[in-house]
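Dear colleague,

I am handing over the structure that we discussed, and my notes on it follow below. Please read them with the structure open beside you.

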Amino acid sequence: MKKAPISVRIIQVLTTIAFWVMVALTAVVFLANVLFMSGVIDEEFQLRVMLPVTFSLEASGTMPFADGLHEVRIEEASGKIHVVDTPMSFTRTISKVLFVVMAIGLFMTWKFKRFIDNIKKGQIFDKGNIDNLKHISLALVLLYLVTKIYMTVFWQYSARLIEFPGVQFSSEFIDIDPLISVALLLWVLAHAFAKGYELQEENDLMV
């Protein structure tokens, strides 16, 4: 059998490593959820979570140019908040959401690993590859929906109530629309592979 190109073999090795790293991380998050739910862990955490929206700041500084220093101002930023002595109820909620996200990520990594394994074997226009691409596409849509719901709920019941002197929160969520764009691209690619699979079957029948 013809050896796969080195680029494909490198991607296959990296994908395998990424898959097992995701397995380990998902297992850790699952175990943490079990310990939280069972009450084995009930101490306060110092949780840091990403804010779902951008915010404006009243901050200025300097930036060097060829003709000297110029004043610059931060008008919009995004970042995390540190919930000091995080309540356990909040920690449990975040850990559940994290587990769902990790599980989706693990599923996509597994499907991509199978896709690359088939490519390495020379099975490009393969029905399994078509399914792998479609499943990754659907998982990306699911990840988009989970993230959107999380950001909406977190904003409505927590983040929008935060008060900081000199900080103005916007009402627009952080852009995650590229997830949908990638999902659509993979879905189109899956249909292109399906057409290639049909042509390959027709050629096999003619031979």
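**Salt bridges, pockets and a surface patch**

Lys 113 counts as buried because its relative accessible area is 18%, where buried means under 20% relative accessible area, exposed over 50% and partly exposed in between (1.4 Å probe, protein chains only). Please bear in mind that this is a predicted model, in which local features need pLDDT of at least 70 and side-chain atom pairs count only at pLDDT 80 or more, while totals for chains, interfaces and linings use all residues. Residues are numbered from 1 along each chain as its sequence is written, and side-chain values use heavy atoms, with hydrogens and water left out.

The side chain of Lys 113 meets that of Asp 117 in a salt bridge, 3.1 Å from N to O, the term standing for a side-chain nitrogen of Lys or Arg within 4 Å of a carboxyl oxygen of Asp or Glu. Asp 117 is also buried, because its relative accessibility is 16%. Both Lys 113 and Asp 117 belong to helix α2, four residues apart, which is about one turn of the helix; helices (H or I, at least four residues) and strands (E, at least two) are DSSP runs, numbered from the N terminus.

In the whole structure, the search finds three salt bridges. One of them joins Lys 127 to Asp 131, with the closest N and O atoms 3.7 Å apart, and this pair lies in helix α3, again with four residues, about one turn of the helix, between the partners. Lys 127 is partly exposed, at a relative accessible area of 48%, and Asp 131 is partly exposed as well, at 28%. Another links the side chains of Arg 73 and Glu 71 at 3.3 Å, N to O, and here both residues are exposed.

Turning to the pockets, the largest holds about 460 Å³ of space. On a 1 Å grid over the protein atoms alone, a pocket is an open set of points where a 1.4 Å probe fits, with protein on both sides within 12 Å along at least five of seven lines, and lining residues have an atom within 4 Å of a point. Grid points are joined across faces, edges and corners, and a volume is the space filled by probe spheres set on the points. Of the 21 residues that line the largest pocket, Val 49, Ile 94, Val 97, Leu 98 and Tyr 150 lie nearest its centre. At least two lining residues come from each of α1 (6-38), β1 (45-50), α2 (88-120) and α3 (127-157), and α2 gives the most, with six.

The second largest pocket holds about 190 Å³, and its lining includes Ile 94, Val 97 and Tyr 150, together with others such as Phe 90 and Ser 158. Here the largest share, six residues, is supplied by α3.

On the surface, Ile 6, Ile 10, Val 13, Leu 14, Ile 17, Val 21 and Leu 25 make a nonpolar patch of about 640 Å²; such patches consist of residues with over 30% relative accessible area and no salt bridge, nonpolar side chains (Val, Leu, Ile, Met, Phe, Trp, Tyr) being joined within 5 Å. Leu 14, which sits in helix α1, counts as exposed because its relative accessibility is 53%.

With best wishes

Terms used: Patch = residues over 30% accessible without salt bridge, like charges linked within 9 Å, V, L, I, M, F, W, Y side chains within 5 Å. Areas by Shrake-Rupley, 256 points an atom, 1.4 Å probe, with all protein chains shown as cover.
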